[in-house]
Each structure stands twice: as C-alpha cells, then as structure tokens.
Amino acid sequence: MERRTFLTGSMSAAGAAALAGAPSTAHASADTPAHAAVPPSPTGPATAPRPHYTANRAPLRPEPFLRLPPGSITPKGWLRAQLDLQLDGLNGRMPEVSDYLDERTSGWSVADHDGWEELPYWLRGFGDLGYVTQDSRVLETTRAWIDRILATRQPDGFFGPARLRTALGGGPDFWPHMPVLDALRTWHEYSGDDRVVPALTGWLKYLHTQPGTLFGQGWGAARVGDTIDTAYWLYNRTGDAWLLDLVHTLHTHSADYTHTVPTWHNVNLAQGFREPAQYGVLAGDDSFLGATHRVYDTVMARYGQFPGGGFAADENARPGYHDPRQGFETCGIVEFMHSHQLLTRITGDTVWADRCEDLALNTLPAAFDPRQKGTHYVTAANSVQLDNVAKSHGQFDNDFAMQAYRPGVHDYRCCPHNYGMGWPYYAEEMWLASLDGGLCASLYGESTVRAKVGDGTTVTVTEQTAYPFDDTVTLTVSAPHAVTFPLYLRVPGWCREPSVRLAGRPVPVRRSGGHLVVDRRWHDGDRLVLRLPMRTRVRTWHGSADSVSVHHGPLTYSLRIEEEWRRTGGSDAWPEYEVRPRSPWNYALELDARDPARSFAVERTRARAADPFTHSGTPVLLRAKGRRLDGWTRDDQDVVAPLQQSPARTTRPVEHLTLVPAAAARLRITAFPTAAARGRAQDWAAVTASFSGVDSPQALLMNADAEPSGSYDQSVPRFTWWDRTGTEEWIRYDYAEPVRVGAVAVYWYDDTGHGACRVPESWRLEHRGTDGVWRPLGESAAHGTATDRFNRLSFPAVTTTALRITAHLKTGFSGGLLAWRTES
C-alpha cells in the first residue's frame, strides 16, 4: 500500500486527539524548557559580539545557535566510515537502482513527465553527503540535478512536474517541493549559486497567491513547518516582508499542532510536531514552544515507551499497539532527528540534541544492513526475525512485507530515497555557530570544524574522540593569532559530573542551561579536554509493562542474538537479505534488587570504533545475567509476542548473557522483562488458536489491562476467528510454570451492524491436567455470552499449565474476543 493512501485515515483524527494540557488559546503561557541556553542577542549593546553567519532578522526571534555553511565540518572516525558506506551504498548509488531518478523520465527534469517525492527525498540527503565528504562524483551529480530542476522554472514561479499543479483537488500539491527546497538551500550555501534565491522567491510567491485552504490539504498540511523554515531562510537573505505574511497563512490553515495532535501518521508527527515552535519564532509567544513540547510529550507517553528515541508507529500510531515490537518507520527516524536538530538551534535546549543523539546512535544504524545496500521500512526495539513475509494478523499497520533488508524502491519507496539525510545532517549539526560569535560542540564525534569566531577570525578546531564508546573529547584550536570567543560544550542529560581541563589544568567555565561555556582568549595550539564520565543505568518503562532497558553513557544495549543472514534475492551489487535468529532470545534479566546497575559489567573488545555497528565491530559490550522465559514466544508468523507484566515468573537457571550496543544488533531485544522466581512474579502465557486469519491471538496479551468500552470497541486490538463461520474453534493459554486459577473473565467481540462477528452460540473452558488430558471447568450454565461486559466464570481452583476456550460459532457468523483474564 502506498503511503498516500493513509492520508485520509491519518488526518481524520484531527479534531479528536486533543493535547493533554493544551492551552485553550494560542497565547496561553508555556512551560519553560529546562535546558535552554540563549547566547546574548545581537540586538543588545553595540559592543556585544555579533554572529558571523546568517541570523534571524527582526521581527523574528534570534536563534541561539546557527548552522555553519555546508563543508565547514569534516567528519572523521566511525562517522566518516558510515558516510563512506553510504557513498558506496544505496543512497550514494541510488541512480543505479531507482527508476524514479532517471533524468529522461523524471518530472523534475522534464516537466511534462511524472514525479513526486522520491527524487526530492533522495537529492536532499545525497547533496549533503557530497558536502560533508567532498566526493567529486556526488558533487557533480548534485550540480547536474540542481541544473535540471532549475531549468523547469515557469514565469509564475512554479517548477518541477507540471502535473503537481493540479494534483491536489485541482490545486497544487506543494508537499513534494519541500525536500527540494532544502536541497536548493544547502546547494546555495555550499556553492553560492545565484539562481537559488530567485527560484525560491518565485516558488514562495506562487504559494502566496494560493488560497489559504490549500495548506490544509495533503501531506503538506501536516508538514508545513518545512516550508516555514524555507520562508525564514529566504527572509533572512532578502528582507521581503510578504514572506512573513505567508508564514502566518501557512500556520493558520495547516494542521493544528498548537491545540491537538492532528495526525497519528509517524512521519507527519516526526516532521510536524515542531511547527508551533517554528511559528513562535515569528509570533514571539512562548506558548507555541510549549505546544511543541506537549505534542512530543503526549506522543511519547502513549507510544514512546521503549528505548531508542522513537515511538510505536509502523505507519500510524494505533491505540493498543504501543509494544516495543511495533517499530518506527525509517523515514520517521531521520525526520525526527532533523526536527530535533532544528529545535536545538531554535531553543538552545540541549534536550533536543540528546534526543537526536539517542536516535542516531541507537536506532538509525539498524535501519539498514551493515553495508548499507538495503534498508527496511520499520526498525523495532524488539524484533527477532527480519523476513520478507507479509504479516496478515494485524501485527503491523501495513499488509506488505517490510522487515527484510532490500533496496525496496517500489515497495516502501519513501524510506530508501529518504534515509540518506540521516548521517550527513548529523555530521553538519555536530558543530554550530553561536549567536555571540562563538562555537558550540553539539553532537560529539571525531571531526574538524573551520569557522569564523570572535572578531571574525577563522579558526579550526580538531576534535579527537571515540565517543560514544569513550568518555573523553579532546579539542585542539588552530588560529592565526589569539582570539576571544565562547566555546559551548553540550553536557548530555545522562552525565552527572563533566569536567574540563586546558593544558592539563582545570579551566574556568560557566553553566548556560545544558552547556558548559569556556569563554576566553584562545591561542594557537590550545588543547582542551572534556570528560563526560559514563555510568550504567537501568530504566523502567512503566508504560510497557515495567520492562527495562540498559544504558551506558549515550548507548542503549540489546541482547546479542546470533544472526543468520540469508540472501533471498537481488543482485550481487544489490543483495536482499533476511535475518533469522540462531540463538535463544527470550530472556528476562536478573537484576540486583537494591542497585540494578550493579547487575552489568562493561567489557572492552579489541575492535576499533571505525565500524562499530556490527557484533564483531563494536568496541564495547556489557555482561549480564538472565533466565529463559518460555512463556515469551513468537507468533505463527514469527513476530515476537508483546511484553507481559514484569517481573516474570521463571525457574529456569541463571545464564550469562552478552549485550551489545543496540545499533549493532539487527535482531534486537532492547526492552527486557525482569525475572523473578517467587513473590510478586507474574505468570506469562503463550497464546495460540485453532485459526487466526486477520486478527492476532496476541491481542489478548496486549489487552491484559484493557477496559473495553463495548463489544465493538475499535480502539483496542482484537482477536477473531474470521473468516471461519459456524464452526467450533479454540484459543488457549500455555504457561511455562504451573499456575493456580480459580476464575476467568471473557469479553466477547461483537460487531452487529458492522460485520459478521457475534458472540458464540456456546463455549466451554478446559484445563490441561498433569496427564495431558483436557478437563472442563465451571458449570455449563455459567458460561456467559453477554455483550458489552466481562463474562466471569468461577470454579474450584486448579493448578494447570494450560487453559483452553472452545467456542461454538453461530451459524453464518464468526466470533472473537477483546480480552480474556484469569484469576487465582
């Protein structure tokens, strides 16, 4: 299914999803960001340092930090290795794979041909890949595509595929142009091409002539912050006041993130949640930044209850489907990173850089195979088989295969074209200019940066570090003469006791929000050492059944599952792979009750950090202990079962486990149950059924604590035997450890008036004895079939390892359950 087909369903919830704590008007007061660091404004005293790079003009609010021109930063170490893989991988050689990039047939070069988001997505990341690597092939290809795109300009400012003029209800579909605008901007910043500003001016003037209702339609309505960003970029260079009028129009008529969550589509959210904060730069009202924080917090509280920085949206975020197995679309990963980068600059708040780093270091590398020859649609915190098989029980929101590593340009074509922005944008945001004429080390990694500071002197800072695999960052300044400027150093939120030394001695620093600032007269050869001591932490995810994740410094750790890579298709140049497990994965962690972090030991390997996102290449491991949890299984389509409540009861022996950085694990258990043999331990059940066609038996685990509003409640997952009708069917719980049961409560699914599922004609409950024989439980008359409530059946308590419900479906009808609970 193509992404555009989800638009109606995704956007239709606009009025229903109100923000928790949202202001009743756009001008209500907002929460103050906890880590904001705002360098002095250039509108202050005449003696105050001024920025050396394009900054916001009045009336736009000043941004604390500014992007440096592309090419200012040279990444090295492991990041350069990832970029080199990208050069020779899918993004770097996409024209060999994707027919959307054929200059003879693309509407972005021949206007009367077709074209949509694919080439814009690709070119945005591809161009910046050239700027950060200085690869001549990439730079030349970028220039050629910029030439082709600009050659399609029309007198009224429109450019690109002519079909897009009328593609959206008879009016222009302005979404596919948004990534092109980004590509044109960075090309101009890199090359100084004087055609770009007139082209952007013409396009935005064209939009300015459109009715405001246009901006409430299509994908662009949910992603309009991208166009606002371009309008600001152009205004800061031309001073044309009509651009600010256009921003007002865009904000007024587009998806309303200020008061609601207007869409639950993952990429829409990843791009769109920042729009209020962006508009607030013009509006001068802190409530808009508060709205962005509230959208983020609302989404993450419901669907982001697992490690890795993303949220559960295997297309759309769906009620009930928040388990770590659901995954996050690759487009969502890179767009969320980009949003966090933009918000870092707008606000100066280090929490956004922390969030970007979390996604980049723990989730992004697992979105593609280690050679970057293929990607997949979703990356999950918990995933134990990546196959090229569609899942038909509703486990995911899409009904196509989307887990194997493939070029995928005709299957999930957005992600292969769009993923390329991830690492290049990350590299370009490692260093930022500060508004007061300084520099900010925002995202740590081995690199050099060349920038103007202080009185306009150009300096070079060389960064030597193995971060995130080591805690020491060494910065060496090269300057033609002594120069005074502030150096901002981000302190990650997990770091308690950072330290800074210059020439081996402590240096005076000041705190500015989440930054340490060294403001001094710098000399050529000055060598500053920043230490960010790393510690092991265990986080409990109460929204995911009290599962836990394990972290050391900025890295999240996953169980090392032995991976079997099977080539299933493709070519030698572009192979396609499935990944299957060759070792057990269903472990619950054994934790020290008083100090869970003491349960883990850090171990250094002999691997260098040059290519760290594989089992063999990672320079650091964690040693742990755990117990097998036999009640945690895969379903009949090899999708890992949802988590149940921790701690989980298991009497299996303690085993020694190895954890690897999550980004090095393609098969991943990252949200772990905890183990207990007694006390408040919870019994886990594996669920199977006589038949599951479109609705998974796992729904009963997902609904363990659900309170359905009625038998036709569509907001919770369900299990049905559809499309079996009039037959005898069963569903059962199997326990690894014997359990004591004295009652069950069943909530039947019934879609009278909508479909062909009804409560059953009758049903019976059985338990399996120690001899393996199934025996009935409860009086027949007590097996209730009422709708819109739990039907409770009690009986003399039994000890058993399995329970089974057998239902006689009504003639001509199917049936199912929303919930099945057991009581001791």
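**Exercise 1. State which charged residue sits over the ring of Trp-352, and place that ring among its aromatic neighbours.**

The charged end of Arg-355 sits over the ring of Trp-352, 4.7 Å from its centre. The criterion is NZ of Lys or CZ of Arg within 6 Å of the ring centre and within 35 degrees of the ring normal. Trp-352 also belongs to an aromatic cluster with Phe-273, Tyr-296, Phe-311, Phe-328 and Phe-336. Another charge over a ring is that of Arg-520, at 5.1 Å from the ring centre of Trp-522.

The model is predicted: local features need pLDDT of at least 70, side-chain atom pairs count only at pLDDT 80 or more, and totals for chains, interfaces and linings use all residues. Residues are numbered from 1 along each chain as its sequence is written, and side-chain values use heavy atoms, with hydrogens and water left out.

**Exercise 2. Classify the aromatic pair Tyr-377 and Phe-400.**

Step 1. Rings of Phe, Tyr and Trp (its six-membered ring) pair if their centres lie within 6.5 Å; planes under 30 degrees apart count as stacked, over 60 as edge-to-face and the rest as tilted. A search of the whole structure finds 41 aromatic pairs.

Step 2. Tyr-377 and Phe-400 lie 5.4 Å apart, centre to centre, with 70° between the planes, and the pair is edge-to-face.

Step 3. Tyr-377 is in the loop between α14 (350-362) and β4 (378-379), and Phe-400 in the loop between β5 (382-383) and α15 (414-418), 23 residues apart. Helices (H or I, at least four residues) and strands (E, at least two) are DSSP runs, numbered from the N terminus.

Step 4. Tyr-377 has a relative accessible area of 1% and is buried; Phe-400, at 14%, also counts as buried. Buried means under 20% relative accessible area (1.4 Å probe, protein chains only).

**Exercise 3. Describe how helix α11 is covered.**

Step 1. Helix α11 spans residues 275-283, and eight of its nine residues are buried. Among them are Glu-275, Gln-278 and Tyr-279.

Step 2. The cover includes α8 (225-238), α9 (242-253), α10 (266-272), α12 (286-303) and α13 (330-347), with contact meaning heavy atoms within 4.5 Å.

Step 3. Just after α11, Gly-284 has a positive phi of about 70°.

**Exercise 4. Give the strand order of the seven-stranded open sheet and name its edges.**

Step 1. The order is β2-β8-β9-β10-β16-β12-β13, with antiparallel pairing. Two strands pair if DSSP finds at least two bridges between them.

Step 2. At the edges, β2 (73-75) and β13 (505-506) each pair on one side only.

Step 3. Five bridges join β10 (residues 472-478) to β16 (residues 527-531). Thr-474 has Val-529 in β16 as its bridge partner.

Key
Buried < 20%, exposed > 50% of the residue type's maximum accessible area, 1.4 Å probe, protein only.
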